[in-house]
Amino acid sequence: HNLEMKHLPGADPELVLLSHQYKELERIPLSDMTRDEINQLVQELGFYRKETPDAPVPEEFQFAPARPLPTLPPPQAPNTDSRTPPERDEGEHPDL
């Protein structure tokens, strides 16, 4: 569910992760991976595998593998350094 495969002749295989707004988040090369390793990767990323192509997808997986939006801290009084953007962990992407 929420995974589409496109065969591009001559191109190296890669997994392209997109945000819900279809912005590219990450590219993962697949050339050196076996089919089992790719299946494991997709499962670890949170994609849901349907039993059959027309099987329903449980509600909790409708937007999988998107991670829930982070909860926002309570509003604070503005300070003089309010132009500094909030820090994020390296590799953390707000759209995942």
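## Salt bridges, core and surface of a predicted model

E4 pairs with K6 in a salt bridge, with 3.8 Å between the closest N and O atoms; the term covers a side-chain nitrogen of Lys or Arg within 4 Å of a carboxyl oxygen of Asp or Glu. This is a predicted model, so local features need pLDDT of at least 70 and side-chain atom pairs count only at pLDDT 80 or more, while totals for chains, interfaces and linings use all residues. Residues are numbered from 1 along each chain as its sequence is written, and side-chain values use heavy atoms, with hydrogens and water left out.

**Overall layout**

- The protein has one helix and two strands, taken from DSSP runs numbered from the N terminus (helices are H or I with at least four residues, strands are E with at least two).
- Reading from the N terminus, the order is β-β-α.
- The protein has 96 residues, and 12% of them count as buried; here buried means under 20% relative accessible area, exposed means over 50%, and partly exposed is in between (1.4 Å probe, protein chains only).
- Take the contacts between residues at least 6 apart in sequence: 38% of them join residues at least 24 apart, a contact being heavy atoms within 4.5 Å.
- The accessible surface comes to about 9,200 Å², and carbon and sulfur atoms account for 52% of that; the areas come from the Shrake-Rupley method with a 1.4 Å probe, and for residues only the protein chains shown count as cover.

**Salt bridges**

- Searching the whole structure turns up three salt bridges.
- Back to the opening pair: E4 and K6 are both exposed.
- R27 also bridges to E14, with the closest N and O atoms 2.2 Å apart.
- R27 sits in strand 2 (residues 24–29) and E14 in strand 1, so this pair ties together parts that are 13 residues apart in sequence.
- R27 has a second partner in E24, at 2.8 Å from N to O.
- Put together, E14, E24 and R27 are linked in a network of salt bridges.
- The members of that network are partly exposed: R27 has a relative accessible area of 42%, E14 comes in at 39%, and E24 at 45%.
- As background, side chains of opposite charge can pair when their charged atoms come close.

**Nonpolar core**

- The largest nonpolar core has seven residues: L15, L17, I28, L30, L41, V42 and F47.
- Strand 1 and helix 1 (35–44) each supply at least two residues of this core.
- A core here is a set of buried Ala, Val, Leu, Ile, Met, Phe, Trp, Tyr and Cys residues joined through side-chain atoms within 4.5 Å.
- Leaving aside residues up to four places away in sequence, L41 touches L15, I28, L30 and M33.

**Surface patch and the loop at Y22**

- V16, L18 and Y22 form a nonpolar surface patch with about 330 Å² of accessible area together.
- Patches are built from residues with over 30% relative accessible area and no salt bridge, joining like charges within 9 Å and nonpolar side chains (Val, Leu, Ile, Met, Phe, Trp, Tyr) within 5 Å.
- L18 belongs to strand 1 (residues 14–18) and is partly exposed, at 45% relative accessible area.
- Y22 lies in the loop between strand 1 and strand 2 and counts as exposed, at 70% relative accessibility.
- The backbone at Y22 is worth a look: phi is near 65°, a positive value in a residue other than glycine.
- For context, most residues other than glycine have a negative phi.
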